[in-house]
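Grab a pencil and work through these exercises with the model open beside you. Try each task before you read its solution.

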Amino acid sequence: MDIHRLQEIVHQTRDVRRKQTIPKYSPAERDQLIKKYHPDFRESAYRPIKFGPNTGEMTVRELAALLEGESPVPPDLDLKPDYTADILVVGGGGAGCAAALHAHAQGASVVLATKLRLGDSNTVMAQGGMQIAVADEDSPVTHFLDTLKGGHMKNDHQLLKTMVEEGPAIAKWLLSLGVLFDRDADGNLHVKKGGGSTKPRLVTCSDYTGLEIMRVLKDEVLNQQIQLLEFCAAVELLSDNGACTGAVFKDLDNHRFVIVAAKGVILATGGIGRLHIQGFPTSNHYGATGDGLSMAYRMGARLMHIDTFQYHPSGAVYPEQLIGALVTEGIRSEGGHLVNARGERFVNELDTRDVVSSSIIRECEEGRGIRTMAGRVGVWLDTPLLEVEQGPGTLDKHFPAMVLQYERFGLDISKDPVLIYPTLHYQNGGVKIDVNGESDVKHLFVAGEASGGLHGRNRLMGNSLLDLMVFGKRSGTTAAHRARSMKQGNLTLDHLVRFRSESKRHGVSSTIVSPMVLPAYARKE
Amino acid sequence: MVAEERDNVIDQPEVLRPKMVTVEIAGKKYDVPEGITLMKALWYTGQEVVRGAGCLGGFCGACATYYRTKDDPKVKTCLACQMAVQDGMSYSMMPPFPARKATYDMATLQDPKQDLFTLYPEAPLCRNCNACTEACPQKIDVREGVWKAVFGDFKSVSEMFMDCVMCGMCTPVCIADIAPNLVALYVSRAQGAHFAEKPARLDKRIGEIENGKYVDEWNRVLTMNDAELTKACAELK
């Protein structure tokens with residue numbers, strides 16, 4: 001059927017829907033919904049990890065294979081360092097840049113290595129904003145409780161308290177660097193309400209919050225003349241008596257190994273979207289292949305909550321070219337309805353991501369979705385409603401990035417609703433860290449999406465940007481302080497020898513080289 | 001599949017009858033399925049992409065690309081992850097362009113509007129050719145932005161360039177060797193750091209946290225057992 005005919009029901013039912021209030025689910029209903037429809041509960045997608053610090057724990061098959069995978073580093077590799085620094089930061093996104101800048105500010109010499117270009121990351125795509133409790137009616141404690149509720153009460157309390165309390169100071173730091181947050185008429189930071197939060201707490205730069213922060217941080221890394229290694233992929237860590245002392249990289253241009261010695265290593269390697277868990281499309285950047293998890297795991301760092309992932313409720317389903325692209329949550333924050341093929345709303349649009357995603361999957365599995373001939377299915381997000389409620393031009397003013405994204409394919413989202421379905425968005429768990437970002441392995445720090453514990457089993461919208469800034473800062477600062485009074489350790493692959501023998505003992509002979517570094521999208525035949 | 005579901009299918013003739021189109025990538029012809037992105041066409045033709053792919057969402061500017069459609073002499077610009085292939089299209093990715101970025105310490109700038117001319121002395125040399133504006137895949141009026149920067153209207157520049165993905169396609173076309181995106185980035189940062197209002201409420205909150213306003217509440221919350229915490233969360237309004 002012609003798309004406009006299918007969209008008619010959305011236009012016809014708009015006035016009726018505007019009068020409706022959809023109550024949020026009770027805790028019992030939420031649990032039931034999630035257990036039935038959330039991809040985290042699809043048992044066939046999971047298997048136990050065979051050996052290592054998380055032996056016997058369940059994770060998705062794609063990740064388990066990489067954790068047990070084989071290092072590309074030969075045992076006899078010459079470990080003479082090509083670079084020596086106090087602090088090595090792996091990853092050039094928000095957490096990596098924040099860590100590098102704070103370590104540098106403490107007087108440490110810093111090498112920042114990334115397999116893509118500086119700034120090519122998930123951070124740059126963050127549209128919804130950053131949660132910081134600045135409003136009068138809000139408080140860090142309320143931020144804490146909202147996040148805890150969203151995380152199904154599984155969040156690490158100390159990590160979470162640390163994050164919410166440091167939020168306002170982070171905003172001040174970013175402002176001092178020149179980040180242009182949206183303001184109220186009186187000059188105060190404008191705050192929006194986000195899914196799962198009881199108070200308006202999203203600090204934004206229109207719908208380019210991540211881009212604006214990344215642009216500024218990247219510029220600042222360049223201004224501070226921090227040593228950069230771009231197109232340089234970390235493939236293995238180095239150790240001395242169980243403590244981390246550096247890393248081995250593969251230069252993606254000339255395929256040579258590069259050795260970096262450092263007193264402290266900060267992994268800011270991001271998430272796993274490009275593993276396409278359970279076949280899901282992803283909103284993640286090209287390099288989101290979970291490299292840090294594999295490397296830290298081989299070194300003996302414990303992972304946590306790696307059985308839970310976040311599926312962003314609104315991935316674009318149509319047109320086919322936009323598969324994987326996100327439709328910002330801001331549309332729902334501003335009152336956009338989710339509508340099934342019958343023209344009905346079916347969930348409170350401001351519920352947490354896992355609840356909204358599960359309800360969309362339910363509608364589609366029960367036959368109330370809209371299909372595309374590419375074999376995809378989704379529900380409508382009523383974007384024109386925002387123009388009806390708040391006046392013509394609203395979308396253009398508040399969501400210019402999204403308007404442009406669809407305009408490129410000849411679609412006008414101010415007139416027509418868009419088709420969406422959950423997309424793989426975020427790794428809720430990761431490497432277990434303490435409040436300074438340090439893992440179970442001494443001198444190995446992890447910041448941002450690669451770390452675990454803070455978000456529990458479901459991250460609240462807007463908490464990721466804050467996570468990056470807070471734990472980037474803390475890991476960078478702590479590692480730099482410590483580096484002042486310590487010597488560079490030896491560079492060995494002892495941990496890898498141990499890992500390989502453990503793998504053998506468990507009868508695992510993996511042919512999978514890990515980390516993945518980049519997804520294999522190039523067609524071979 | 002129930003009848004209702006069979007009806008709710010969007011027409012996508014291109015998917016039912018996949019049509020191949022011929023495109024020229026970096027001077028070489030390939031047949032690729034119509035409608036896929038320029039980036040996916042690279043993968044489809046078996047090319048390993050290391051440089052030139054970043055966020056794949058239209059925000060990082062890594063995949064800046066020149067393209068030309070069939071029989072049109074005009075070479076246009078786009079982001080390869082955001083543009084669909086058409087029959088007869090030719091395209092090449094833009095190589096990294098060696099534009100000069102000035103280095104500065106944002107915090108210690110004394111007179112940012114004047115400092116622009118020291119940091120980017122080429123900025124006032126714009127000859128109004130408008131090539132930068134035409135080259136911008138984000139549809140920013142780049143030329144106007146450069147002039148506004150020169151005339152000290154930093155606020156307007158910061159608003160105009162909020163969409164800038166730093167792809168740098170405005171730089172190779174500039175006959176005055178200005179890097180408009182870098183100029184705008186400096187100007188936007190200076191606007192934020194030096195000319196934007198100080199948010200009073202933020203300082204107030206930082207003070208409250210430092211002065212222990214929330215200590216009692218933290219003590220109460222952090223000593224709760226699971227049931228009490230669950231209740232506290234449920235009671236939030």
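**Exercise 1. Find how many salt bridges cross the interface of chain B and chain A, and check one pair.**

Solution. Keep in mind that you're looking at a predicted model.

Step 1: go by the rule, which needs a side-chain nitrogen of Lys or Arg within 4 Å of a carboxyl oxygen of Asp or Glu. Across the interface of chain B and chain A, that rule gives 9 salt bridges.

Step 2: pick a pair. Arg201(B) makes a salt bridge with Asp184(A), and their closest N and O atoms are 4.0 Å apart.

Step 3: put the interface around that pair. On the chain B side 79 residues are in contact with 98 residues of chain A. Between them the two chains bury about 7900 Å², and 59% of that is on carbon and sulfur atoms.

**Exercise 2. Work out which parts of chain A are tied together by the salt bridge of Glu70(A) and Arg500(A).**

Solution. Step 1: start from the total, which is 49 salt bridges over all chains.

Step 2: zoom in on one of them. The side chains of Glu70(A) and Arg500(A) meet at 2.7 Å, N to O.

Step 3: place both ends. Glu70(A) sits in the loop between α3 (61-67) and β3 (83-90) of chain A, while Arg500(A) belongs to helix α15 of chain A, so the pair links parts that are 430 residues apart in sequence.

**Exercise 3. Decide how α5(A) and α6(A) are oriented: oblique or roughly perpendicular?**

Solution. Step 1: recall what you need. Two packed helices are described by the angle between their axes and the distance between those axes.

Step 2: read off the values. Helix α5 (residues 140-150) and helix α6 (residues 157-177), both of chain A, have axes that come within 9 Å and cross at roughly 135 degrees.

Step 3: classify. Roughly perpendicular would need 65 to 115 degrees, and roughly antiparallel over 145, so α5(A) and α6(A) are oblique to each other. Their crossing is right-handed.

Step 4: look at who touches whom. From α5(A), the contact includes Pro140(A), His143(A) and Phe144(A); from α6(A), Leu160(A), Met163(A) and Val164(A) are among the residues taking part. Sort the residues of this contact and you get 6 nonpolar, 3 polar and 2 charged.

**Exercise 4. Now do it for α5(A) and α11(B): what angle do they pack at?**

Solution. Step 1: helix α11 (residues 226-234) of chain B packs against α5(A) at about 105 degrees, with the axes 9 Å apart.

Step 2: that angle makes α5(A) roughly perpendicular to α11(B).

Step 3: the contact is made by Leu145(A), Leu148(A) and Lys149(A) on one side and Leu229(B), Ala232(B) and Cys233(B) on the other. They split into 5 nonpolar, no polar and 1 charged.

**Exercise 5. Locate the cis peptide bond from Tyr318(A) to Pro319(A), and the positive phi of His276(A).**

Solution. Step 1: the bond from Tyr318(A) to Pro319(A) is cis, with omega near 0 degrees. Pro319(A) is in the loop between β13 (309-316) and α9 (330-333) of chain A.

Step 2: try the bond from Ser514(A) to Pro515(A), also cis, with omega near 5 degrees. Pro515(A) lies in the segment after α15 (494-505) of chain A.

Step 3: turn to His276(A), which isn't a glycine but has a positive phi of about 50 degrees. You'll find His276(A) in the loop between β11 (257-267) and α8 (291-299) of chain A.

Technical notes
Residues are numbered from 1 along each chain as its sequence is written. Chains are lettered from A and ligands numbered from 1 in the order in which they are written. This is a predicted model: local features need pLDDT of at least 70, side-chain atom pairs count only at pLDDT 80 or more; totals for chains, interfaces and linings use all residues. Side-chain values use heavy atoms; hydrogens and water are left out. Axes are lines fitted to C-alpha atoms, for helices over the stretch in contact, and angles run from 0 to 180 degrees between N-to-C directions. Helices (H or I, at least four residues) and strands (E, at least two) are DSSP runs, numbered from the N terminus. Angles under 35 degrees count as roughly parallel, over 145 as roughly antiparallel, 65 to 115 as roughly perpendicular and the rest as oblique. A crossing is left-handed if the near helix is turned anticlockwise from the far one by less than a right angle, and right-handed if clockwise. Contact means heavy atoms within 4.5 Å. Ala, Val, Leu, Ile, Met, Phe, Trp, Tyr, Cys and Pro count as nonpolar, Asp, Glu, Lys and Arg as charged, and the others, Gly among them, as polar. Buried area is the accessible area (1.4 Å probe) that two parts lose on being put together, summed over both.
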